[in-house]
Amino acid sequence: EGARQQVALPPGRQDVVSLGGELSLWNPLFADWLIWMHRERPDIALRAEVDVPARLVERVQNGTLDLAVLYSPQQRLNLVVELLAEEKLVMVTTFADKHWDMDDYVHVDWGPDFAASQQAAFPEIANPPVSISLGPLALTYLLAVGGTGYFRLGAVRNHIAQGRLHRVPDAPEFSHSIYLVRSSQRDIAALVSVREGFKACTTFSMA
């Protein structure tokens, strides 16, 4: 795959980077990163893909992807995991009195680490009435019909400022940071630019 990409390097490009990310990171982070790379490093050809986390890690390990950007990546032999941005999951509600109960709770699948933390903090949420696997979809649903759930602080900050959402007092926060995964056995010439772009985009999207 690497040899095929080098042969297919478009005219005017000095390097090519193949990068994958999980679905929930593509809006806005990956879209912002692609735009940043186009503006700042137009000499680098890009191959961008979406896949499930386990397959992305496997592809970085077998060399068919240069890099992957993930939440809570698996630790594997010969892989380097770098922290890109620290993010938190916070409980918010549409109710002005900030009171919530099980009938209004919307569960978002933020991965096994979050599921374990949520179960420990709220054992009564073992069987939520609504469960959605994609954060942006769950947030759209919550804003439309009302309710309570855990979401990325960066995604709900503006809604909180506008009064559409409210932080639930005393609810625990959970870490949901973003990581860059690459092989320790490969020298990626464009890594500095890739990392710089993601740092710039995560800083902007979480501000």
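When I say that a helix lies across a strand, I mean contact in the sense of heavy atoms within 4.5 Å, and when I give an angle, it runs from 0 to 180 degrees between N-to-C directions. Please keep in mind throughout that this is a predicted model.

With that in hand, let me start with helix α2, residues 26-40, which lies across β1, β2, β3 (67-71) and β11 (178-183), and which runs at about 170 degrees to β2. Helix α3, residues 53-62, also packs on the sheet, where it touches β1, β2, β3, β4 and β11, and its direction makes about 150 degrees with that of β3.

The sheet itself is open and is formed by five strands, in the order β2-β1-β3-β11-β4, with mixed pairing. At its edges stand β2 (44-50) and β4 (79-85), and because each of these has a single partner strand, one side of each is left without a neighbour in the sheet. From one strand to the next, the twist averages 25 degrees. If we look at one pairing in detail, strand β1, residues 15-21, runs parallel to β2 and is joined to it by seven bridges; aspartate 15, for example, has isoleucine 44 in β2 as its bridge partner.

Let me turn to the interior. In soluble globular proteins, nonpolar side chains tend to be buried together. Here the largest nonpolar core has 24 residues, and the members that touch the most others are Met91, Tyr150 and Phe151. At least two residues of this core come from each of β5 (88-93), β6 (106-108), α5 (135-145), β8 (148-152) and α6 (153-161), and β5 gives the most, with four residues. Apart from this core lies another, of 22 residues, among them Val17, Trp36, Ile188 and Cys201.

Tyrosine 150 deserves a second look on your screens, since, leaving aside its neighbours within four places in sequence, its contacts include Leu89, Val90, Met91, Tyr105, Val108 and Trp110, as well as Phe114, Phe122, Ala171, Pro172 and Phe174. Tyr150 also belongs to an aromatic cluster, which it forms with Trp100, Tyr105, Phe114, Phe122 and Phe174.

That brings me to the aromatic pairs, of which the structure holds 10. How are the rings of tryptophan 33 and phenylalanine 198 arranged, stacked or tilted? Their centres are 4.8 Å apart and their planes are at 5 degrees, and since planes under 30 degrees apart count as stacked, the pair is stacked. This pair links distant parts of the chain, with tryptophan 33 in helix α2 and phenylalanine 198 in helix α7 (residues 191-205), 165 residues apart. Both partners are shielded in the sense of accessibility: tryptophan 33 is buried, with a relative accessible area of 1%, and phenylalanine 198 counts as buried at 0%. For tryptophan 100 and tyrosine 105, by contrast, the ring centres are 5.6 Å apart and the planes are at 45 degrees, so that pair is tilted. Tryptophan 100 and tyrosine 105 are both buried.

Finally, let me come to the surface. Is serine 175, which sits in strand β10 (residues 174-175), buried or exposed? Its relative accessibility is 61%, and because the cut-off for exposed is over 50%, serine 175 counts as exposed. The side chain of serine 175 makes a polar contact with that of serine 177, at 3.5 Å. Between the C-alpha atoms of serine 175 and valine 52, which are 123 residues apart in sequence, the separation in space is 20 Å.

Note on methods
Residues are numbered from 1 along each chain as its sequence is written. This is a predicted model: local features need pLDDT of at least 70, side-chain atom pairs count only at pLDDT 80 or more; totals for chains, interfaces and linings use all residues. Side-chain values use heavy atoms; hydrogens and water are left out. Buried means under 20% relative accessible area, exposed over 50%, partly exposed in between (1.4 Å probe, protein chains only). A polar contact is a pair of N or O atoms within 3.5 Å; within protein, one must be able to donate a hydrogen and the other to accept it, and residues adjacent in sequence count only if both atoms are side-chain atoms. A nonpolar core is a set of buried Ala, Val, Leu, Ile, Met, Phe, Trp, Tyr and Cys residues joined through side-chain atoms within 4.5 Å. Two strands pair if DSSP finds at least two bridges between them. Rings of Phe, Tyr and Trp (its six-membered ring) pair if their centres lie within 6.5 Å; planes under 30 degrees apart count as stacked, over 60 as edge-to-face and the rest as tilted.
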